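Colleague: Could you take me through one part of this model in some detail? I would like a close look at the second largest pocket, and at what lines it.

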Amino acid sequence: MQKLIILILFGLCLQFSIAGSPAFAGKNDAVKINAALKALQEDKPAKALELLTHMLEQPKPEITALLIAGNAYMQLGENEKALALYQKGVAIFPNDIGLLQNKAIALYYLQRFSPAGDAFALLSKFQLAKAKEIKEEVEAKTGQAPAWYKSQYQAAVCYYKSEHYNKALTAVMPLLSYGKTSQNVDAKKLLAHIYIALEQWKKASVQLDILVATHSKDRSLWLLLANVNIRQNRLTKASSALQVAHCMQPPTRSECVRLAKLYLQVNAPLLASKILLASPQKLTASQHDLMAIAYERAGYVEKAVLSLQEAIALEDTSKRHLEFGKLLYRNQLYEKAIEPLNVAYTKAKKKGLPLYLLGQCFLNMNNYNKATTLFVKAKKYRSVRSNAKNALSLIKHIQRMQQESVTG
């Protein structure tokens, strides 16, 4: 699943009137706060904190002092101290939107997503009440989401990140019925992510079908739709969605592999080989393995052989030699299969299968003595014991039939 991105801006937009401002206890406080704000704006957070030290020690510090000091701590990377100040401020001034917002942001940066979600949800309620009180309609006219909407969305994201998916679902639902805003699509995408997390594949599919119908150039939506279709075993639709995504932007190596595997699952091996060849980088050993599977299923045995040889040249492993031997054996190239199977037997820890397949190769080449020797060895390994015994019985039967035909 792709990561959700949340953009939170927490710059201070403070305007002070030194003389006659009801926010300050006195002129000296106003001067210090303005000086601290200037220091903060000049990227001198330590100086800002030094100016505000005395004010912060008061039982009831000024809101603006708390906000500036909190932001100074965040600039210094001391988010715990910033959070402590915001929490202190909210305890004293529970209805102050600025403190609530900064508290939510500090919790988010500390990756305490569940309490951050609660803080953003509470902030959204305050902002909505304020918007109704002053009949704020500017955002609706400009197409921009209002402040309460953004906070509610951020609450849903935080709940999602904390894996409280039902709370995330509850938080995001009110956003869907709110007009057309630039953030409405993000809310719908988030809803799709939540449905996926809850494994409600049909609902996720319906939501994504709606989104791709109106935002068909959004590659991330097509990738999500492919993932949901895979989960529902709708592999043809999944491969189609991935094709659309890859037409918008060349696929990465991992995306090529994913689509190739899908094509193999829907019995389209040539398409699988084609998408692997379209990989932006040189094929890895594992991709050559996959290419060999695709070519063999398409009936191109020689190309499959070459692909596995390329894989072995890149990463020489006992498993790869075994697969090479099995490929040759399946296609009745018994004499050629002997060499890679011998290598696999020599290198592998589990020697039963290579021994058994070697026996089968010699059996099909009518070398019954060699086959018998190999099957007797293979009997020692539990994984192929039953098959080896059956093969030995078959050899005895063939030899007996041959003897009877000679004597008869």
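Modeller: Gladly! A pocket here is an open set of grid points where a 1.4 Å probe fits, with protein on both sides within 12 Å along at least five of seven lines, and a residue counts as lining if it has an atom within 4 Å of a point. Please keep in mind that this is a predicted model.

The second largest pocket is lined by 16 residues. Those that lie nearest its centre are D289, L290, I293, L308 and E323. Three elements each give two or more residues to this lining: helix 14 (253-265), helix 16 (285-298) and helix 18 (318-330). Helix 16 gives the most, with seven residues. As for volume, the second largest pocket comes to about 320 Å³. Sorted by class, its lining has seven charged, six nonpolar and three polar residues.

Turning from the pocket to the rings, K303 lies over the face of Y300, at 5.2 Å from the ring centre. Another such case is K161, whose charged end sits over the ring of F113, 5.5 Å from its centre. F113 also belongs to a cluster, joined with Y108 and Y109 by ring pairs. Across the structure there are six aromatic pairs.

One more residue to look at is N229, which is found in helix 12 (residues 219-231). N229 has a relative accessible area of 3%, under the 20% cut-off, and so counts as buried. Leaving aside residues up to four places away in sequence, N229 touches S205, R234, L235, K237 and A238.

Methods: Residues are numbered from 1 along each chain as its sequence is written. This is a predicted model: local features need pLDDT of at least 70, side-chain atom pairs count only at pLDDT 80 or more; totals for chains, interfaces and linings use all residues. Side-chain values use heavy atoms; hydrogens and water are left out. On a 1 Å grid over the protein atoms alone, a cavity is a set of points where a 1.4 Å probe fits but cannot get out, and a pocket is an open set with protein on both sides within 12 Å along at least five of seven lines; lining residues have an atom within 4 Å of a point. Grid points are joined across faces, edges and corners, and a volume is the space filled by probe spheres set on the points. Helices (H or I, at least four residues) and strands (E, at least two) are DSSP runs, numbered from the N terminus. Ala, Val, Leu, Ile, Met, Phe, Trp, Tyr, Cys and Pro count as nonpolar, Asp, Glu, Lys and Arg as charged, and the others, Gly among them, as polar. Rings of Phe, Tyr and Trp (its six-membered ring) pair if their centres lie within 6.5 Å; planes under 30 degrees apart count as stacked, over 60 as edge-to-face and the rest as tilted. A charge sits over a ring if NZ of Lys or CZ of Arg is within 6 Å of the ring centre and within 35 degrees of the ring normal. Buried means under 20% relative accessible area, exposed over 50%, partly exposed in between (1.4 Å probe, protein chains only). Contact means heavy atoms within 4.5 Å.
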